[in-house]
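Trainee: Could you walk me through this structure and show me how to read its features?
Mentor: Sure, let's look at it together.

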Amino acid sequence: MFHMKEAKIGGSACVLVLLFSGLVTCSGVFGSPLTDDVATLDTLRENLPKDYKIPVRYISKDVGGACWLHLNLYPLEISLKTLALKFGNLSSNRENITIFITMLQGLRFTVDNEELEATMQAFKCHYRSVRWSTRRYFGHVKEVLVAFASAPLQFHCTPPPCPTVPPITTGQDSQKHVIDRAIPGLLALLIIPCGATLALFLRTVLCRKVCCARRRRETDTCTFPGADSPETQSDPEDGSSAAHNDPESSSLNKQCRVQQDTLGSEDTAV
């Protein structure tokens, strides 16, 4: 909600606006050009960094219609006040900005304050908050000041329906673009470690199964030396020759005999 100070203006009173080049009187229409002040705007723009972004609330011409100029007076005044606070009291930039603040206040006092506030409330949902470059920002200030010289003091506008979805500003659009680009990277950081952990887990389980099967087979072989040698069981006479022909079986039998001898010696000792 915009909070505006009510100004009591008499019907026959004339508002004096202090311009950078002198005094201008109002009698419904400003009679002096703003050439000198426009030049000051250019100087002020050059004194600020080109990449500096200035925040402002505004309504575009296609939305504000015949009232776009009056609807932008107070938000632009507030934006200039915020910008002036960025500089010191002795800064020439702050002095020049203060001049344009005084000009906008004078322009705002020439219209009906209550009507202006009511119109701004009616168009509240159409205001957009943006951050403009110095060139575009001061171009907007220049457009408002020059256009008001020929603008009628009386105005009446009917606002269009409020948008169902809030308009995406330039800053919000850039933030959304950054977030959209960052999401795939974040997903990759999550998926890759999880996949590697799962593969390592499966490999560990498989290795354990293989080792257990091998140990079980070795245990069974030691307990029943002739279980895996059917040929030896069917032909006892050829057992010695088969053992000589199979080195692995011979070494395995030796290991089993050593284990059995060890167990037998332990039993005897007991």
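**Reading a predicted fold**

Mentor: Let's start with one residue: Pro-161 is exposed, with a relative accessible area of 71%. The rule is that buried means under 20% relative accessible area, exposed means over 50%, and partly exposed lies in between (1.4 Å probe, protein chains only). Pro-161 sits in the loop between α6 and α7 (170-223). Its C-alpha atom is 9.0 Å from that of His-126, 35 residues away along the chain.

Trainee: Before we go on, what kind of model is this, and how are residues numbered?

Mentor: This is a predicted model, in which local features need pLDDT of at least 70, side-chain atom pairs count only at pLDDT 80 or more, and totals for chains, interfaces and linings use all residues. Residues are numbered from 1 along each chain as its sequence is written, and side-chain values use heavy atoms, with hydrogens and water left out.

Trainee: How many helices and strands does the protein have?

Mentor: Helices (H or I, at least four residues) and strands (E, at least two) are DSSP runs, numbered from the N terminus. Here you get ten helices and four strands. Along the sequence the pattern reads β-β-α-β-α-α-α-α-β-α-α-α-α-α.

Trainee: What percentage of the residues count as buried?

Mentor: Of the protein's 270 residues, 29% count as buried. Leu-116 is a good example: its relative accessibility is 0%, so Leu-116 counts as buried. You'll find Leu-116 in helix α5. Leu-116 and Tyr-74 are 42 residues apart in sequence, and their C-alpha atoms are 9.4 Å apart in space.

Trainee: And where is Pro-49?

Mentor: Pro-49 is in the loop between α1 and β3. With 44% relative accessibility, Pro-49 counts as partly exposed. The C-alpha atoms of Pro-49 and Ser-133 are separated by 9.0 Å, though their positions lie 84 residues apart along the chain as a sequence separation.

Trainee: How do I read contacts across the chain?

Mentor: Contact means heavy atoms within 4.5 Å. Take the contacts in the protein with a separation of 6 or more: residues 24 or more positions apart account for 79% of them.

Trainee: Now helix packing. How do I read an angle between two helices?

Mentor: Axes are lines fitted to C-alpha atoms, for helices over the stretch in contact, and angles run from 0 to 180 degrees between N-to-C directions. Angles under 35 degrees count as roughly parallel, over 145 as roughly antiparallel, 65 to 115 as roughly perpendicular and the rest as oblique. Try α3 and α4: their axes come within 9 Å and cross at roughly 160°. That makes α3 roughly antiparallel to α4.

Trainee: Which residues make that contact?

Mentor: From α3 they include Leu-73, Leu-76 and Leu-80, and from α4 they include Ile-97, Phe-100 and Leu-104. By class, the contact of α3 with α4 has eleven nonpolar, one polar and four charged residues. For the classes, Ala, Val, Leu, Ile, Met, Phe, Trp, Tyr, Cys and Pro count as nonpolar, Asp, Glu, Lys and Arg as charged, and the others, Gly among them, as polar.

Trainee: At what angle do α4 and α6 pack?

Mentor: Helix α4 (residues 92-109) and helix α6 (residues 134-148) pack at about 40°, with their axes 11 Å apart. α4 and α6 are therefore oblique to each other. In this pair, Phe-100, Met-103, Leu-104 and Leu-107 of α4 meet Val-144, Leu-145 and Phe-148 of α6. By class that contact has seven nonpolar, no polar and no charged residues.

Trainee: And α3 with α6, how far apart are the axes?

Mentor: Helix α3 (residues 68-84) and α6 have axes 10 Å apart and pack at about 135°. α3 and α6 are therefore oblique to each other, too. That contact has twelve nonpolar, four polar and one charged residues.

Trainee: What is a nonpolar core?

Mentor: In soluble globular proteins, nonpolar side chains tend to be buried together. A nonpolar core is a set of buried Ala, Val, Leu, Ile, Met, Phe, Trp, Tyr and Cys residues joined through side-chain atoms within 4.5 Å. The largest one here has 41 residues, and Leu-76, Leu-80 and Tyr-137 are among those with the most contacts inside it. Its largest share, nine residues, comes from α3.

Trainee: What does Leu-76 touch?

Mentor: Leaving aside neighbours within four places in sequence, Leu-76 is in contact with Val-56, Leu-104, Tyr-137, His-140, Val-141 and Val-144.
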